[in-house]
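Here's a quick briefing to read alongside the coordinates. It starts with the cysteines and then moves on to a helix, a sheet and the chain as a whole.

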Amino acid sequence: MRGGLPGTADILFPLRRTGDIAPYGALAPVSKPNPRVAASQKIAACLAEERAFGHDFLFVPVFIGSGAILWFSLDTSPSFPVLAVTCLIAAGLAFFAKYRSGFAATACTLVALFLLGMLFAEVETRRAGTVVLDTPVTTTITGRVMRREVDARGNWRYVVQLAATEAPALSRPPGKVSLLSRGAGEPVALGATIRGKARLSPPSGPALPGLNDFAFASYFRGIGATGFFYKPPQAVTPPGIDAKTDWLEWADMQLYGLRTAIAERIRSTIGGDAGAFAASIVTDERQAISPETMEALRLSGLAHIVAISGLNMALASGIFFVGLRLAFSLFPAFAQRWPVKKISAFAALLMTLAYYLISGFAVSAERAWLMTSAMLIAVLFDQPSLSLRNVALSALVILAFSPSEIMGPSFQMSFAATIALVASYAAWSRWRAERERLFIGRKPAWMTVAQTAGAIIGGVMTTSLIGGLSTAVYSVEHFQRVTTYGLFANLAAMPLMSLIVMPFGLVAMLLMPFGLDAPFLKVMGYGMALVIEVAQEVASWGGSAATGRPHDWFLGLASAGFLLLTLLRSRLALLGMPFLFLAFGLSAAAAYRNPPDLLVHEDGELVALLEDGKVYTTKTQPQGFVYGQWQRALLLPEQPVPPVFLKSETKTAKVALTTKAKLDPKEMSAVARRMTVALRDAAPGVFTCSKGIWCAARAGSGEWIIVLEDGRFAGKACDIADIVIVSRRTSFSQCRSGALLLNRDILRRIGSLELDFADSDQAGVVGRLGAAIAGMDRPWSEHRYYDWKSGHFEHDLPDAVTRLLAAPQ
């Protein structure tokens with residue numbers, strides 16, 4: 001009755017007789033498959049699989065973040081109106097093409113997301129608007145205390161909102177400054193107005209081209225200068241902020257006061273480094289941890305515990321969530337009548353919000369709070385809680401409000417570890433689901449126990465290994481070192497954090513309002529002391545290895561490979577492997593490059609000459625912060641060769657030279673002769689110095705270098721040396737003799753330098769000049785061009801310096 005459909009007999013008796021089978025003729029020729037067609041079909045199938053599982057959404061924050069990175073990496077800011085109009089046009093095209101398939105529609109969407117990231121970066125930069133101090137100055141400041149934090153020596157660091165400066169009054173004062181007050185005593189209360197004589201300096205730039213620019217982070221934190229008080233500041237007026245007129249600032253001050261009180265309570269109850277460590281994982285106040293303990297944590301690979309990250313937030317919310325569910329299970333009638341799982345999730349959501357509010361709003365804490373909140377909200381709506389989509393959502397929120405965080409190590413390392421762990425868990429879950437199909441019936445008890453123990457131990461090992469490998473790329477890029485024994489340290493420290501520190505710390509925080517927290521804080525401190533012992537033991541093995549400055553393309557290629565490998569679930573994920581191999585291959589090749597011949601810090605006082613594997617410096621004890629970066633970036637010796645100071649000069653003669661307003665020709669000629677003799681007679685590479693006045697050295701290839709702390713001798717130095725470096729202002733910007741002059745104004749505009757001496761076939765003395773801030777004119781670097789005498793921004797450089805900077809690098 002239905003045409004050609006099979007009848008009942010055909011369904012019940014599908015067998016056919018042998019005679020009913022049609023004989024086969026000759027086989028038809030099979031055409032050879034086209035490799036291009038087969039490859040395109042496989043790629044299309046993989047792309048369809050990724051779209052089916054929603055993995056295309058995971059690349060939305062990737063392209064927005066890429067746009068922000070490009071905007072922050074440009075030497076000059078693009079036009080805001082042009083950027084906004086272009087973004088609107090691309091967004092409109094993407095909207096009209098969103099229901100169409102094809103390359104054009106996808107390209108419009110990606111371009112729109114990329115431009116949106118650039119627009120987010122532009123908006124945040126304009127919103128920050130931080131005025132950065134242009135030059136070091138000593139002045140008397142008056143301002144309100146907005147933040148305060150104690151360090152391991154009992155010194156207090158204040159963040160002060162400036163109200164006035166005098167003696168001298170700054171023509172371009174920053175809005176907020178960070179100042180250290182040495183000496184014991186009662187700290188100034190939050191919100192109080194203080195007054196004191198202070199030394200202010202602009203945030204430091206990169207120590208070498210390609211290294212971290214600390215002025216960038218300072219600009220987006222709103223800190224325009226750093227420095228110290230000569231004496232403890234005096235409180236002028238008591239704290240006073242009107243909650244009605246400025247309620248937001250009042251709420252922030254109250255919240256920060258609560259955070260400070262909690263940190264002081266934890267430190268006073270536990271004491272020592274253990275108390276400072278415990279306070280750091282609750283309130284993110286890290287200054288009180290001693291430098292020795294902090295260095296041990298870095299060398300052992302446990303520094304991530306100090307920051308409030310996903311580990312701390314997950315342990316706190318997980319312990320609270322499970323504990324509350326267990327408490328509800330003690331009341332069966334209530335547990336069966338009400339959705340106790342969702343009630344526990346909602347309570348844990350409020351607890352994580354409170355944890356985030358007292359944590360200081362660090363990016364790692366913000367990412368952890370967003371991730372944890374997304375997981376708990378998913379529990380409320382009966383959705384999968386742990387997924388890469390939640391990671392993408394938290395990244396989108398951070399990129400929308402503070403895209404500058406993507407340039408820092410905290411954002412990059414935090415999200416790298418989270419993405420790698422979630423992707424690995426998802427892959428393991430798929431493998432376990434396929435594997436469990438092979439088991440039929442109930443497993444023996446011994447197998448269940450063995451699998452549980454193996455899962456716990458293997459989970460800790462695997463988590464530590466994945467976290468260490470995923471963050472190694474960004475550790476190499478930002479810190480030029482990796483920890484080799486971090487796996488062992490994490491294996492020993494994670495059980496202490498999970499079973500002692502976080503459970504007792506959580507109970508102590510819940511009981512702190514009632515004054516019953518001391519016993520639990522003591523147990524928490526005992527666990528923190530054990531973690532510190534683990535860090536010190538592993539650090540004694542010498543597990544930190546310097547990697548050197550990576551290739552310029554290392555971070556981009558490695559990040560692209562890492563994201564493809566973790567965000568894709570099909571075989572397309574293997575496309576990330578070539579990027580990773582190429583990134584590490586380029587960096588390995590860059591490690592064999594010859595180091596530069598001369599290093600100059602941007603202040604003009606620290607200069608290093610590299611000869612035959614040794615480093616000769618102008619300082620007996622160079623700044624550990626600056627030289628440490630040089631040492632890790634260029635794989636230099638840990639201890640440089642100090643300078644040799646002249647002993648023939650009397651102290652009275654030195655004072656006369658430095659205090660006289662004007663020197664007569666005889667005195668100038670005497671100093672010139674001493675510099676000439678020092679250059680001629682000293683061993684190659686070693687700096688010979690007259691303390692506080694000049695240093696001179698002769699390179700092995702014959703170049704003469706003079707470093708001056710007194711600009712009055714710049715003319716004589718130009719007649720003697722090939723390279724003259726002056727840490728003070730000079731009345732001229734170029735040497736008439738043809739020597740290369742680098743004075744304070746030039747160094748301030750181009751930043752720290754690395755120089756290569758010219759070969760025999762090159763003209764001049766310097767063959768290559770690499771500058772950290774050359775040609776950059778961005779809001780966080782424009783203070784370098786401001787001249788407080790004229791009140792204008794000066795960008796001009798001497799022709800000799802401009803020519804060297806324009807030469808091929």
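In this predicted model, the link of Cys689 and Cys695 is right-handed, with 115 degrees about the S-S bond. The sulfur atoms of Cys689 and Cys695 sit 2.0 Å apart, and the two form a disulfide. Going by sulfur distance, the count comes to two disulfides, and the rest of the cysteine story follows below.

**Cysteines**

- Both Cys689 and Cys695 are buried.
- The other bond to look at is the disulfide of Cys718 and Cys735, where the sulfur atoms are 1.9 Å apart. This pair links distant parts of the chain, 17 residues apart: Cys718 belongs to helix 24 (residues 714-720), while Cys735 is in the loop between strand 16 (723-726) and strand 17 (740-742).
- Cys718 has 4% relative accessibility, so it counts as buried.
- Cys735 comes in at 12% relative accessibility and therefore counts as buried too.
- If you number the bonded cysteines of the protein chain in sequence order, the pairing reads 1-2, 3-4.
- As for two further cysteines, Cys87 counts as buried because its relative accessibility is 6%, whereas Cys108, at 23%, counts as partly exposed. The cut-off that matters here is 20%, since buried means under that value.

**Helix 21**

- How is helix 21 (residues 624-634) placed relative to the rest of the structure? Eight of its 11 residues are buried, so helix 21 is largely enclosed by the rest of the structure.
- The buried residues of helix 21 are Val626, Tyr627, Gly628, Gln629, Trp630, Gln631, Ala633 and Leu634.
- Those buried residues pack against helix 6 (214-221) and against three strands: strand 9 (598-600), strand 10 (607-611) and strand 11 (614-617).
- Right after helix 21 comes Leu635, and its phi is positive, near 55 degrees.

**The five-stranded sheet**

- Strands 9, 10 and 11 turn up again in an open sheet of five strands, ordered 11-10-9-18-19 and paired in the antiparallel sense.
- Which strands stand at the edges of the sheet? Strand 11 and strand 19 (766-771) do, each with a single partner strand, so one side of each is left without a neighbour in the sheet.
- From one strand to the next, the twist averages 20 degrees.
- Strand 9 and strand 18 (residues 753-757) are joined by three bridges, with antiparallel pairing.
- If you want a residue to click on there, Leu599 has Glu754 in strand 18 as its bridge partner.

**The chain as a whole**

- Zooming out, the secondary structure of the protein chain comes to 26 helices and 21 strands.
- The protein chain has 809 residues, and buried residues make up 44% of them.
- For the contact map, take contacts between residues at least 6 apart in sequence: 67% of these join residues at least 24 apart.
- The accessible surface of the protein chain is about 42000 Å², and 63% of that belongs to carbon and sulfur atoms.

Conventions: Residues are numbered from 1 along each chain as its sequence is written. This is a predicted model: local features need pLDDT of at least 70, side-chain atom pairs count only at pLDDT 80 or more; totals for chains, interfaces and linings use all residues. Side-chain values use heavy atoms; hydrogens and water are left out. Buried means under 20% relative accessible area, exposed over 50%, partly exposed in between (1.4 Å probe, protein chains only). Helices (H or I, at least four residues) and strands (E, at least two) are DSSP runs, numbered from the N terminus. Contact means heavy atoms within 4.5 Å. Two strands pair if DSSP finds at least two bridges between them. Axes are lines fitted to C-alpha atoms, for helices over the stretch in contact, and angles run from 0 to 180 degrees between N-to-C directions. Accessible areas come from the Shrake-Rupley method with a 1.4 Å probe; for residues, only the protein chains shown count as cover. A disulfide is a pair of cysteine sulfur atoms within 2.5 Å.
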